[in-house]
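Visitor: Please take one part of this protein and go through it closely. I would like the surroundings first and then the detail.

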Amino acid sequence: MAVPSTAVPSTAVPQTQQLAVFVKAINEGLDDIYFGTSLVSVFFVALVILSFITIPKMRRHPADMLFNRTMLDLVMCLCHVAAYGGVVSRAGPDLVNPDKAAARCQALSFFYQVALFGSNSWYFVLSVDLFLAVRNPFSCHADYVPYYYVFVYTASLVTGIVLATGKYGVTIFNYCWVNDDLLRQGANTSTA
């Protein structure tokens, strides 16, 4: 009795290409959902910003740090609206006008990286601020706030500039951010 062969034929598609095809097939139907949820996020972020501006009691420390985080969330949501709303091409820089498409993708990746890194950095800064408050509850925490601003915005701008100077591209999720070909090359060289 012959046992069926379980060997993969030599013409099989590499696993990374299979993953890319799978993710692309899923994402083709999700662009409208991503766009809709991005608009909902913009609405709720706007409510947070409006409440911070109109209610003076909400402006106490550490609400100012959360407000800055919310502003960066707004930028991130607007990047999603631009990407999934069709303002920025999701198909990559090889369209009718490749120069404009590449410039849009580069700009979107820069703003998205700055907003994403900055937004999450504010969480880190809130943790540091809480740690300092617990360690020394009678110190003036407002003295540290300028250092927080410098750290968050400098680090965010540096990562955005590094990304926008050659590492941007269309990801497998049809979004202009970090070129996943570069990520795959890094993963392949680290495992080799």
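Guide: What follows is a short account of the whole protein and then of one helix, H5.

This is a predicted model, in which local features need pLDDT of at least 70 and side-chain atom pairs count only at pLDDT 80 or more, while totals for chains, interfaces and linings use all residues. Residues are numbered from 1 along each chain as its sequence is written, and side-chain values use heavy atoms, with hydrogens and water left out.

The protein has six helices and two strands, in the order α-α-α-α-α-β-β-α along the sequence. Helices (H or I, at least four residues) and strands (E, at least two) are DSSP runs, numbered from the N terminus. Of the 192 residues, 31% are buried, meaning under 20% relative accessible area, with exposed over 50% and partly exposed in between (1.4 Å probe, protein chains only).

H5 covers residues 145-164. Its 20 residues should span 28 Å at 1.5 Å a residue, and the end C-alpha atoms are 28 Å apart, so the two agree; the expected span is 1.5 Å times one less than the number of residues. The buried residues of H5 are Val145, Tyr148, Val152, Ala155, Ser156, Gly160, Leu163 and Ala164. They lie on the same side of H5 because they cover an arc of only 160° around the axis, taken from the directions from the helix axis to the C-beta atoms. Tyr147 and Val150, on the other side of H5, are exposed. After H5 comes Gly166, with a positive phi near 135°.
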